[in-house]
Amino acid sequence: MKRLLIVTAIIELGVGLALLCFPSATVALLLGSPLDAPAAVTLGRVARAALLALGVACWLAQYEAQSCAARGLVSAMVLYNLGAVVVLGAAGIRSQEVGIGLWPAIVLHQ
């Protein structure tokens, strides 16, 4: 479980930092269109904060990988990954234009 937490932390922190540094480009890689509307930018900021928080939580949980809290975190990450697959998959199926990173992101969340 320790490796899972480390890998998850690195991935989530990486995407969170990508959203922090290059929000429009990161979203364009996933969805094929940049963040144009103010509401979309705000939602991107919330997603960035959530991904950074998940990454930090997973990184810190690796030190006590067998604790109840770490198992709870892994359960929450499974739920998050399932939701991400559903949301991103629906976007990929419904949209004619998708970014080059959408399908790899879906596979990564499985």
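Student: Is Ala90 buried, partly exposed or exposed?
Tutor: Keep in mind that we're looking at a predicted model. Ala90 has its place in helix α4. Its relative accessibility comes out at 28%, and the in-between class runs from the 20% cut-off for buried to the 50% cut-off for exposed. So Ala90 counts as partly exposed.

Student: And how many Å separate the C-alpha atoms of Ala90 and Leu43?
Tutor: Along the chain, Ala90 and Leu43 are 47 residues apart. In space, the separation of their C-alpha atoms is 18 Å.

Student: Staying with α4, how are α4 and α5 oriented to each other?
Tutor: Helix α4 covers residues 68–94 and helix α5 covers residues 102–109, and their axes are 9 Å apart. The packing angle is about 155 degrees, and angles over 145 degrees fall in the antiparallel class. Therefore α4 and α5 are, relative to each other, roughly antiparallel.

Student: Which residues of α5 make the contact with α4?
Tutor: α4 passes α5 in a left-handed crossing. On the α4 side, the contact uses Tyr80, Asn81, Ala84, Val85, Leu88, Gly89, Gly92 and Ile93. The α5 side answers with Leu102, Trp103, Ala105, Ile106 and His109.

Student: How many residues of that contact of α4 with α5 are nonpolar?
Tutor: Sorted by class, the contact of α4 with α5 has no charged residues and 4 polar ones. Gly goes with the polar class here. That leaves the nonpolar residues, which number 9.

Student: What about the other neighbour: which residues of α4 are in contact with α3?
Tutor: Helix α3, residues 38–61, packs on α4 at about 145 degrees with the axes 10 Å apart, and α3 passes α4 in a left-handed crossing. From α3 come Leu51, Leu54, Ala57, Cys58 and Ala61. From α4 come Ala70, Leu73, Met77 and Tyr80.

Student: How many nonpolar residues does the contact of α3 with α4 have?
Tutor: Going through the classes, there are no charged residues and no polar ones in the contact of α3 with α4. Tyr and Cys go with the nonpolar class by this scheme. The nonpolar count for α3 with α4 is 9.

Student: If I'm thinking about cysteines, how many disulfides does the count come to?
Tutor: A disulfide needs two cysteine sulfur atoms within 2.5 Å. For Cys58, the nearest cysteine sulfur is that of Cys68, 17 Å away. Looking from Cys68, the nearest is that of Cys58, also 17 Å away. The number of disulfides is 0.

Student: Is Cys58 buried or exposed?
Tutor: Cys58 is among the α3 residues that contact α4. Its relative accessibility is 0%, and anything under 20% falls in the lowest class. So Cys58 counts as buried.

Student: Then is Cys68 buried or exposed?
Tutor: Cys68 has 62% relative accessibility. The upper cut-off sits at 50%. So Cys68 counts as exposed.

Student: Over at the N-terminal end, how are α1 and α2 oriented to each other?
Tutor: Helix α1 is residues 2–21 and helix α2 is residues 23–31, with axes that come within 5 Å. They cross at roughly 125 degrees, which lies outside the parallel, antiparallel and perpendicular ranges. Therefore the relation between α1 and α2 is oblique.

Student: Which residues in α2 meet α1?
Tutor: By class, this contact of α1 with α2 has 6 nonpolar residues, 1 polar one and no charged ones. The α1 part is Ala18, Leu19, Leu20 and Cys21. In α2, the residues are Pro23, Thr26 and Val27.

Student: Which residues does Pro23 touch, not counting residues up to four places away in sequence?
Tutor: Pro23 lies in helix α2 and, at 32% relative accessibility, counts as partly exposed. With residues up to four places away in sequence set aside, Pro23 touches Ala18 and Leu35.

Student: How many Å apart in space are Arg3 and Ala65?
Tutor: Arg3 lies in helix α1 and is exposed, at 72% relative accessible area. In sequence, Arg3 and Ala65 are 62 residues apart. C-alpha to C-alpha, the distance between Arg3 and Ala65 is 9.1 Å.

Student: Last one: is Glu64 buried or exposed?
Tutor: Glu64 is in the loop between α3 and α4. Its relative accessible area is 54%, and the cut-off to pass is 50%. So Glu64 is exposed.

Conventions
Residues are numbered from 1 along each chain as its sequence is written. This is a predicted model: local features need pLDDT of at least 70, side-chain atom pairs count only at pLDDT 80 or more; totals for chains, interfaces and linings use all residues. Side-chain values use heavy atoms; hydrogens and water are left out. Axes are lines fitted to C-alpha atoms, for helices over the stretch in contact, and angles run from 0 to 180 degrees between N-to-C directions. Helices (H or I, at least four residues) and strands (E, at least two) are DSSP runs, numbered from the N terminus. Angles under 35 degrees count as roughly parallel, over 145 as roughly antiparallel, 65 to 115 as roughly perpendicular and the rest as oblique. A crossing is left-handed if the near helix is turned anticlockwise from the far one by less than a right angle, and right-handed if clockwise. Contact means heavy atoms within 4.5 Å. Buried means under 20% relative accessible area, exposed over 50%, partly exposed in between (1.4 Å probe, protein chains only).
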